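Student: Please take a close look at one strand of this model and then place it in its wider setting. I should like the cut-offs stated as the terms arise.

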Amino acid sequence: MQQIINFLIRNKHFLLFLLLLFLSLVFTIQSHSYHKSKFVGSTNFLSGGIYSWQHSISDYFGLKDENTRLLEENERLHNRLSFLEKDSMAIKYVDTISFNRPYTYTKARVIKNDYSKIDNYILINRGKKDSVVPDMGVITDKGIVGIIENTSENYSRIISILNSNSRINAGLKKSNQYGSLIWNGKDPNIVQLETIPRQAILKEGDTIITNGRSTIFPKGIGIGTIVNYKLDQNKSYYLIDIKLFNDMTDIGFVYIIKNSDADEIKSLEKLNHE
């Protein structure tokens, strides 16, 4: 207490000056509307900056919940779009057999993602309890990721498109020509499309999509764009390099595609081979 008293005594002139300065500012602001408006504006600026900073921090820590909500909304939209397409096709194509496929989508989180090996796999947090089975397609909102290979109760392993054993039907967006999507094991951003016939008209920048000629992926899911192409040694087919829409080194969340007609279609295909 004595130290505080000594401090006040030593600095009494300076403290008196600060008090008088404060009082003069208060009286000036109160008696002049211009100064008052400037003071209020400055206060609002400072408080607004503080609240904006606090809001930015809150937004940052809320990104996880926001991303989860967005994924759930995308899942619902995918499913609604699938059923709307089914209904519209049923109206326009009464006798159709290839378009009327009901696909549903389930979101999943990536637990592990390999991309630096020759044969790469991705592990996700959905399994048998989520009705996930082998041969289901996996995509992101940008494009395809791979195909479910094995499942446990709570997890599934995906054969990535960055895998030497991966073979996916894909084709040109602007025509019905299609081939097999493979990976040569070099660049994780570039895959290859083979067996596109030489009659196809190609140019760099053309979009490559899934062609819907299997039970795994519906038609029209994006894969990437052509960056280079050439004819094979026999001059019969093109070998095409595709720049992926997905960054396969940065896959966080995916959607699993279920085709409820898959078993029925496979049963008919098996009869044709017997």
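**Strand β12 and its surroundings**

Tutor: Strand β12 (residues 253-259) is largely enclosed by the rest of the structure, because five of its seven residues are buried. Buried denotes a relative accessible area under 20%, exposed one over 50%, and partly exposed the range in between, with a 1.4 Å probe and protein chains only. Helices (H or I, at least four residues) and strands (E, at least two) are DSSP runs, numbered from the N terminus. The model is predicted, and local features need pLDDT of at least 70, side-chain atom pairs count only at pLDDT 80 or more, while totals for chains, interfaces and linings use all residues. Residues are numbered from 1 along each chain as its sequence is written, and side-chain values use heavy atoms, with hydrogens and water left out.

Strand β12 has antiparallel partners in β1 and β3. Two strands count as paired if DSSP finds at least two bridges between them. With strand β1 (residues 103-113), β12 pairs over seven antiparallel bridges, and there F253 of β12 has R109 opposite it. Strand β3 (residues 137-139) is joined to β12 by three bridges, again antiparallel; here G137 faces I257 of β12.

These pairings belong to a barrel. Six strands close in the order β1-β2-β5-β4-β3-β12, with antiparallel pairing. From one strand to the next, the twist averages 45°, where axes are lines fitted to C-alpha atoms (for helices over the stretch in contact) and angles run from 0 to 180 degrees between N-to-C directions. Further along this barrel, β1 is linked antiparallel to strand β2 (residues 119-124) through three bridges, and N113 has I122 of β2 as its bridge partner.

Beyond β5 (156-163), the loop leading to β6 contains S166. This serine counts as buried, at 6% relative accessibility. Contact here means heavy atoms within 4.5 Å. Apart from neighbours within four places in sequence, S166 touches I159, S160, I161, L181 and I182. S166 and S180 lie 14 residues apart in sequence, with 9.2 Å between their C-alpha atoms.

Strand β6 enters another barrel: six strands, in the order β6-β7-β8-β11-β10-β9, form a closed antiparallel arrangement. Its twist averages 40° from one strand to the next. Strand β6 (residues 168-172) pairs with strand β7 (residues 178-182) over four antiparallel bridges, and G171 has Y178 in β7 as its bridge partner.

Two side-chain arrangements involve aromatic rings. The charged end of R157 sits over the ring of Y121, 3.7 Å from its centre; the criterion is NZ of Lys or CZ of Arg within 6 Å of the ring centre and within 35 degrees of the ring normal. Rings of Phe, Tyr and Trp (its six-membered ring) pair if their centres lie within 6.5 Å, with planes under 30 degrees apart counted as stacked, over 60 as edge-to-face and the rest as tilted. By this rule there is one aromatic pair. Y229 and Y238 form it edge-to-face, at 5.7 Å centre to centre and 85° between the planes. Y229 is partly exposed, with a relative accessible area of 30%, whereas Y238 is buried at 14%.

As for the protein overall, it has five helices and 12 strands, and 31% of its 274 residues are buried. Of its contacts with a separation of 6 or more, 59% are between residues 24 or more positions apart.
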